[in-house]
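User: I would like a close look at a single part of this model, taken slowly, with its surroundings described as well. Please keep to what can be read from the coordinates.

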Amino acid sequence: MTEGGGAMGPMLVIIVVLAGLALVMRWAFGSGYGRSPRAPEPADAGLLVRVATVSAPETARALRAVLSDAGIRSTQRTPAQHRTDVLVFPDDADRARALAASFPG
């Protein structure tokens, strides 16, 4: 037997331990593949301001009908599940908030 042959055992143990450590680190600090991602923050609404947030798009459409009857232009966006924002121009925001506060939906 040669002198270098006896060092293979400890070297193999070190390689196995390092490989195991690498797998544990990848699991603990990995990108989270397979996990559900966090909902992204809503994008900037530009010139519009949010006056109400409701739980369903149908409720938002009903509120928008009330705002339309009052002569207020509006739109809606759904940034997350069970959350729909109603947006208006800043000049109409105070009146729209007052109508949204009295909206039964």
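The request below concerns one helix and what lies around it.

User: Which residues of helix α3 are buried, and which elements do they pack against?

Analyst: This is a predicted model, and the chain averages a pLDDT of 84, with 81% of the residues scoring at least 70. Among the elements of the chain, confidence is lowest in helix α1 (residues 8-29), at a mean of 88, and highest in α2, at 94.

Helix α3 covers residues 93-101, and its buried residues are Ala93, Ala96 and Ala100. Viewed down the axis of α3, these buried residues fall within an arc of 65°, so they line one face of the helix. Asp94 and Ala101, on the other side of α3, are exposed. The buried residues of the helix pack against β1 (49-54), α2 (57-69) and β3 (83-88).

The packing can be followed further into the nonpolar core. The largest such core has 13 residues, and those with the most contacts inside it are Val51, Leu63, Leu67, Val86, Val88 and Ala96. Two or more residues of this core come from each of β1, α2, β3 and α3. In soluble globular proteins, nonpolar side chains tend to be buried together. Val51 shows how the contacts run: leaving aside residues up to four places away in sequence, Val51 touches Ala93, Ala96 and Ala100, and also Arg97, Val86 and Val88. Thus Ala93, Ala96 and Ala100, the buried residues of α3, are each in contact with Val51.

Strand β3, one of the elements against which α3 packs, also holds a charged residue, Asp85. Asp85 counts as buried because its relative accessibility is 0%, which is under the 20% cut-off for that term. Its side chain makes a polar contact with the side chain of Thr53, at 2.9 Å. Not counting residues up to four places away in sequence, Asp85 touches Arg50, Ala52, Thr53, Thr75, Gln76, Arg77 and Pro79.

The loop between β2 (74-80) and β3 contains His82. With a relative accessibility of 62%, His82 counts as exposed, whereas Asp85 counts as buried. The phi of His82 is near 65°, a positive value in a residue other than glycine. Most residues other than glycine have a negative phi.

Notes. Residues are numbered from 1 along each chain as its sequence is written. This is a predicted model: local features need pLDDT of at least 70, side-chain atom pairs count only at pLDDT 80 or more; totals for chains, interfaces and linings use all residues. Side-chain values use heavy atoms; hydrogens and water are left out. Buried means under 20% relative accessible area, exposed over 50%, partly exposed in between (1.4 Å probe, protein chains only). Helices (H or I, at least four residues) and strands (E, at least two) are DSSP runs, numbered from the N terminus. The arc is that of the directions from the helix axis to the C-beta atoms. Contact means heavy atoms within 4.5 Å. A nonpolar core is a set of buried Ala, Val, Leu, Ile, Met, Phe, Trp, Tyr and Cys residues joined through side-chain atoms within 4.5 Å. A polar contact is a pair of N or O atoms within 3.5 Å; within protein, one must be able to donate a hydrogen and the other to accept it, and residues adjacent in sequence count only if both atoms are side-chain atoms. pLDDT is the predictor's confidence in each residue, from 0 to 100.
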